[in-house]
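Take a first look at this protein with the sequence beside it. The tour starts with the whole and then moves to single places.

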Amino acid sequence: MPDLALLGGSRAVKTDPGDMFTWPIVTKEVEEAVLEVLRAGKMSDIDVTQRFEEEFAKWHGVKYALAHNNGTSAIHSAMFGLGIGHGDEVICPSLTYWASCLPVYSLGGTVVFADVDPETLCIDPKDVERRITERTKAIVAVHYTGMPADMDAIMEIARRRRLKVIEDASHAHGALYKGRLVGTIGDVACFSIMSGKSFAAGEGGMMITNDRRVYERAVVFGHYERHSSTIQLEDLKAGAGLPWGGYKYRMHQLTSAVGIVQLKKYKGEMEEIDRAMNYFWDRLEGVPGMRAHRPPRGSGTTKGGWYAPLGHYKSEELGGLSIHRFCEALRAEGVPSSPGGNQPLHLHPIFNTIDVDGQGRPTSVDVRQPPGSLPVSESVGEKIFSVPWFKHYRPKVIDEYVEACRKVAENYEDLLPGDVGRKEGEGGWGLTSRLRRR
Ligand SMILES: *Cc1c(COP(=O)(O)O)cnc(C)c1O
């Protein structure tokens, strides 16, 4: 067995990856669609956006889609759409990007974090149940890095406790939960479509729902320009003309133009990624220390475009080798990888010490969740690691990455001396920065 690259041996990955990781894939058709809008000077109109919305809704088989200038604003509108306001609580997993929950602050509500399931890394329904109070209004289900959350259990709790469900499908465009598209199961769903995500159009977000009231409330919140053409509910008509939230949330039409082309090519891209990622993990079956983060075969559940794919790390199978040293060794072999996912949100100062709204205490003071309160979320930094996000099914190239992983796992003993564990500066509040196109 050759020496590990970290210890002076030669790299296992020898082939230049070329466009293997380039994202998004920009075709001539994408370029022309953008240029057409640009040349017509229609960046701030809504005609192209409305076409994009119709096609996005059709893809999901839902009645309404409302485009936004980013995924964060789509979530904000969805919360307002559901009637979430002063004193309300929203239950959200701690392991996610902050936009899944933080918009509730500017509606006067607050966040209660629930723990995640150690296998799926999605919100744990049993823990949700424990966090419900008389102030709880909604549950945010995040399909984390493409893995669909346990929607049957979440919807059962929501029905029984009369709560609303927001699906944050920003990582999981096109993923299936038991054969159903994610985003079509809860009361409302939101998708970021910023350029790092698997469905990548540029800064933008989409909200979908079958509920007319949620849709119209979202329109009055930040889409003033369409009040007169959209609003049918009498109680909303009176306030037409100005955005109730004081926000302007319409999508830039260069994003809408890209989105329309993406709708045509995403399905094919997603299928190729699914094939490539499953090939990678199939080849790694039985290698100690690593397990796939993917749904069971034949369950009808899929990961869509596998945004920011992760693996589970089993340190105990590698003599206690730290995940930090393990990932360092992978990187030396030419495999892009780093420990952890998003940092657990509940430990951030804005939920604990910072007086965000000037009331002399943190907004979430009544529900503060100190270290130790969400043990799974707090420990995943040592138990999950990022793996290469292959965009093309090229077995010969992928094989080199497989061999690199196998090489590190099989030579772990050489890495134990000098293993100092976590180093300063690792981890972050988002995932996209470490996926920069190369
Ligand atoms: C990216 C992301 C968002 C926010 O989307 P933006 O388009 O960046 O505003 C929301 N939720 C999750 C889980 C995300 O990853």
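Helices and strands here are DSSP runs, of at least four residues for a helix and at least two for a strand, numbered from the N terminus. The model is a predicted one. By that count, the protein has 13 helices and 12 strands. Its radius of gyration is 22 Å, close to the 22 Å that the globule rule gives for 438 residues, so the protein is as compact as a globular protein of that length.

Next, the overall frame. Along the principal axes, the C-alpha atoms fill a box of roughly 75 × 55 × 40 Å. Of the 438 residues, 56% are buried. The accessible surface comes to about 18,000 Å². Carbon and sulfur atoms hold 51% of that surface. The chain also meets itself across long stretches of sequence. Among contacts with a separation of 6 or more, 72% join residues 24 or more positions apart. The protein carries 54 positive and 57 negative charges. The mean positions of the two sets are 3 Å apart.

Now go to one helix. Helix α10 spans residues 323-333 and is mostly covered. Eight of its 11 residues are buried. Those residues are Ile323, His324, Arg325, Phe326, Cys327, Ala329, Leu330 and Glu333. What do they pack against? Three strands take part: β10 (290-292), β11 (310-313) and β12 (384-386). So do two helices, α12 (395-410) and α13 (412-415). After α10 comes Gly334, with a positive phi near 100 degrees.

Further along lies Gln369, in the loop between α10 and α11 (375-379). Is Gln369 buried or exposed? Its relative accessibility is 8%, so Gln369 counts as buried. The cut-off for buried is under 20%. The side chain of Gln369 reaches the backbone oxygen of Phe113 at 2.8 Å. Leaving out residues up to four places away in sequence, Gln369 touches Val112, Phe113, Arg131, His346, Leu347, Asn352 and Leu374.

Go back to the segment before α1 (28-40), where Asp16 lies. Asp16 has 63% relative accessibility and therefore counts as exposed; the cut-off for exposed is over 50%. A polar atom of the Asp16 side chain lies 2.7 Å from the backbone nitrogen of Gly18. How far apart in space are Asp16 and Glu156? From C-alpha to C-alpha they are 49 Å apart, with their positions 140 residues apart in sequence. Pro24 also belongs to the segment before α1. The peptide bond from Trp23 to Pro24 is cis, with omega near -5 degrees.

Two loop residues deserve a stop for their backbone angles. Leu121 lies in the loop between β3 (110-114) and α4 (125-131). Its phi is near 70 degrees, a positive value in a residue other than glycine. Leu121 is buried, with a relative accessible area of 1%. Trp306 sits in the loop between β10 and β11. Trp306 is not a glycine, yet its phi is positive, about 55 degrees. Its relative accessibility is 1%, so Trp306 counts as buried. The two strands that flank this loop, β10 and β11, were met before: the buried residues of α10 pack against them.

Note on methods
Residues are numbered from 1 along each chain as its sequence is written. This is a predicted model: local features need pLDDT of at least 70, side-chain atom pairs count only at pLDDT 80 or more; totals for chains, interfaces and linings use all residues. Side-chain values use heavy atoms; hydrogens and water are left out. The radius of gyration is taken over C-alpha atoms; the globule rule is 2.2 Å times the number of residues to the power 0.38. Buried means under 20% relative accessible area, exposed over 50%, partly exposed in between (1.4 Å probe, protein chains only). Contact means heavy atoms within 4.5 Å. Accessible areas come from the Shrake-Rupley method with a 1.4 Å probe; for residues, only the protein chains shown count as cover. Lys and Arg count as positive and Asp and Glu as negative; His and the chain ends are not counted. The place of a charge is taken as NZ of Lys, CZ of Arg, CG of Asp or CD of Glu. A polar contact is a pair of N or O atoms within 3.5 Å; within protein, one must be able to donate a hydrogen and the other to accept it, and residues adjacent in sequence count only if both atoms are side-chain atoms.
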